[in-house]
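User: I'd like to go through this structure with you and check the reasoning behind each label. Can we take it step by step?

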Amino acid sequence: MSRASDKAAAIGKAARDAAIARGVEEIGAVLPDVAVTALEDGIELKGRGLARRLVTDPVLRWIGRLLR
């Protein structure tokens, strides 16, 4: 690979990592009772009754729509 493509890949990975970190902070601030963990390829949510809250909670409803 060329240096330009390596640099572009590094910039993309840094942007993805920053977005994941920002998402963990924002979701953790809005939902303090949900365990939010940063993964290599996204964000993991864990919590009691989370599946039900994906349908009923207005903050989480958009995630529930993605899963339908």
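User: Which residue in β2 is the bridge partner of A35?

Analyst: That's K46. One thing to keep in mind as we go: this is a predicted model.

User: What makes β1 and β2 a pair of strands?

Analyst: Pairing takes at least two bridges found by DSSP between the strands. Here β1 (residues 35-39) and β2 (residues 42-46) share five bridges, in the antiparallel sense, so the cut-off of at least two is met. A35 goes with K46, and L39 stands opposite G42 in β2.

User: And what do β1 and β2 form, with how many residues between them?

Analyst: They form a hairpin, and two residues sit between the strands.

User: What is the pattern of helices and strands along the sequence?

Analyst: It reads α-β-β-α-α. That comes from three helices and two strands in the chain.

User: How do you know whether the chain is more spread out or less spread out than a compact globule?

Analyst: Set the two values side by side. For 68 residues the globule rule gives 11 Å, while the radius of gyration is 15 Å, well over that, so the chain is more spread out than a compact globule. You can also look at the box that the C-alpha atoms fill: roughly 50 × 25 × 15 Å along the principal axes.

User: How much of the chain counts as buried?

Analyst: Of the 68 residues, 21% do; the cut-off there is under 20% relative accessible area. As for the surface, the chain exposes about 5,200 Å², with carbon and sulfur atoms supplying 60% of it.

User: Why is P58 called exposed or buried, whichever applies?

Analyst: Exposed means over 50%. P58 has a relative accessible area of 61%, so it is exposed. P58 lies in the loop between α2 (50-56) and α3 (61-67). From V36 it is 22 residues away in sequence and 18 Å away in space, C-alpha to C-alpha.

User: What about V30: which label does its relative accessible area give?

Analyst: Partly exposed is the range between the 20% and 50% cut-offs. V30 comes in at 47%, so V30 is partly exposed. V30 belongs to helix α1 (residues 3-30). Between V30 and K13 there are 26 Å in space, C-alpha to C-alpha, for 17 residues in sequence.

User: How do you know which label D17 gets?

Analyst: By the cut-offs again: D17 has 32% relative accessibility, so D17 counts as partly exposed. D17 is in helix α1 too. R61 is 44 residues from D17 in sequence and 24 Å from D17 in space, C-alpha to C-alpha.

User: What share of the contacts between residues at least 6 apart in sequence joins residues at least 24 apart?

Analyst: That share is 13%, with contact meaning heavy atoms within 4.5 Å.

User: Last one: how far apart are the mean positions of the positive and negative charges?

Analyst: The chain has 12 positive and 9 negative charges, and their mean positions are 5 Å apart.

How values were computed. Residues numbered from 1 in each chain as written. Predicted model: local features only at pLDDT ≥ 70, side-chain atom pairs only at ≥ 80, totals over all residues. Heavy atoms only, no water. Helix = DSSP H or I, 4+ residues; strand = E, 2+ residues; numbered from the N terminus. Rg over C-alpha atoms; globule rule 2.2 N^0.38 Å. Buried < 20%, exposed > 50% of the residue type's maximum accessible area, 1.4 Å probe, protein only. Areas by Shrake-Rupley, 256 points an atom, 1.4 Å probe, with all protein chains shown as cover. Lys, Arg positive; Asp, Glu negative; His and termini not counted. Charge placed at Lys NZ, Arg CZ, Asp CG, Glu CD.
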